[in-house]
Amino acid sequence: MGFVRDLVHAGGTGGLNWHVHAHYARKRWQPTLQLIEQFLAQVQPESEHLLLIGGSAGWMMPPNWLARFKRIDAYDIDPLAPWLFNWRHGRRLKAQGTHVHHHRQDALATLPDLLQQHPQACIWFDNVLGQHRYRVRDEARVERELRQLKTTLQGRNWGSLHDVLSGPTDGRLLPAGLNVWSHHVSAKQGMDSAFSQKLLASVGAKEVWQDHLTGQVFAPETQTTWMPWAFKPNYWHWLQAGWVNA
């Protein structure tokens, strides 16, 4: 029973339920994936080695970005992630000379050790930091650990795509492809009230939205991109993406 529960829930990260939802939501998610691809196309990694943290099956990963690297070490706690990632991306990456090594490991808990093991690699947190609050129920601890990341990663090339806000919408903006947009803002402006209200209004937000406690992942001077994600037809997320050069 423990094995089955692990497949279904994957330590609180969604597991099988997440993969089934992602598979059937691909068309609705496509506009956001295009924004992610546009963002990553502007990033010039200084290493051909990538530590991919929380990549899951690569549902939110543009193949062209992955193919830039000669070696990818993918870390995830989901037992289904290696098989599904290889099913979606493996053949193309192999054909382009990219070697993928999967590790079932909590990379956030062991990050300092991983950085020492791979001193030349750059790091990408793929839609994982916004889930930290659901695995660690102590909000103060979550904020402290996420805030500490930029110090732990000092001197490294790294980036992240993560949830900042999520909640119900009135559904009027569907189909998503007609209304998705990205917004560049200095992180020091962060989630001030005026900016957050602008984000929420743009997707027809209603009721109470969830704060994913990722507001201080990046340093104040980091230029970031914000993009909406129609996670469900009437339940949207705002994602933040950023890249930090050493």
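**Aromatic pairs and bent helices in a predicted model**

Good morning. The structure contains 14 aromatic pairs. I should say at once that this is a predicted model.

Allow me to take one pair in detail. A pair of aromatic rings is described by two quantities, the distance of the centres and the angle of the planes. For F195 and W226, the centres are 5.1 Å apart and the planes meet at 80°, an edge-to-face arrangement. F195 belongs to helix α9, residues 193–202, and W226 to strand β8, residues 223–232, so this pair ties together parts that are 31 residues apart in sequence. Are the two partners buried or exposed? F195 has a relative accessibility of 9% and therefore counts as buried. W226 has a relative accessible area of 2%, and W226 is buried as well.

Aromatic residues also gather in a group. F39, W65, F69, W124 and W243 make up one aromatic cluster. A further ring, that of Y134, has the charged end of R133 sitting over it, 6.0 Å from the ring centre.

I turn now to the helices, beginning with α3, which covers residues 26–41 and has a kink of about 35° centred on T32. T32 itself is among the buried residues of α3, as are W29, P31, L33, L35, I36, F39 and L40. F39 thus appears twice in this account, here as a buried residue of α3 and earlier as a member of the aromatic cluster.

The next helix is α5, residues 81–95. Its 15 residues, at 1.5 Å a residue, should span 21 Å, and its end C-alpha atoms lie 20 Å apart, which agrees. Where does α5 bend? The bend is at H89, and it amounts to about 60°. H89 is also buried, together with A81, L84, F85 and L93 of α5. An α-helix has 3.6 residues a turn, so residues three or four places apart point the same way. Just after α5, G97 adopts a positive phi of about 85°.

Finally, the chain as a whole. There are 9 helices and 9 strands. The chain has 246 residues, of which 50% count as buried. Considering contacts between residues at least 6 apart in sequence, 78% join residues at least 24 apart. The exposed area of the chain is about 12100 Å², with 51% of it supplied by carbon and sulfur atoms.

To close, I return to the pair of F195 and W226, which joins helix α9 to strand β8. Thank you for your attention.

How values were computed:
Residues are numbered from 1 along each chain as its sequence is written. This is a predicted model: local features need pLDDT of at least 70, side-chain atom pairs count only at pLDDT 80 or more; totals for chains, interfaces and linings use all residues. Side-chain values use heavy atoms; hydrogens and water are left out. Rings of Phe, Tyr and Trp (its six-membered ring) pair if their centres lie within 6.5 Å; planes under 30 degrees apart count as stacked, over 60 as edge-to-face and the rest as tilted. Helices (H or I, at least four residues) and strands (E, at least two) are DSSP runs, numbered from the N terminus. Buried means under 20% relative accessible area, exposed over 50%, partly exposed in between (1.4 Å probe, protein chains only). A charge sits over a ring if NZ of Lys or CZ of Arg is within 6 Å of the ring centre and within 35 degrees of the ring normal. The expected span of a helix is 1.5 Å times one less than its number of residues. The bend at a residue is the angle between axes fitted to the seven residues ending there and the seven starting there. Contact means heavy atoms within 4.5 Å. Accessible areas come from the Shrake-Rupley method with a 1.4 Å probe; for residues, only the protein chains shown count as cover.
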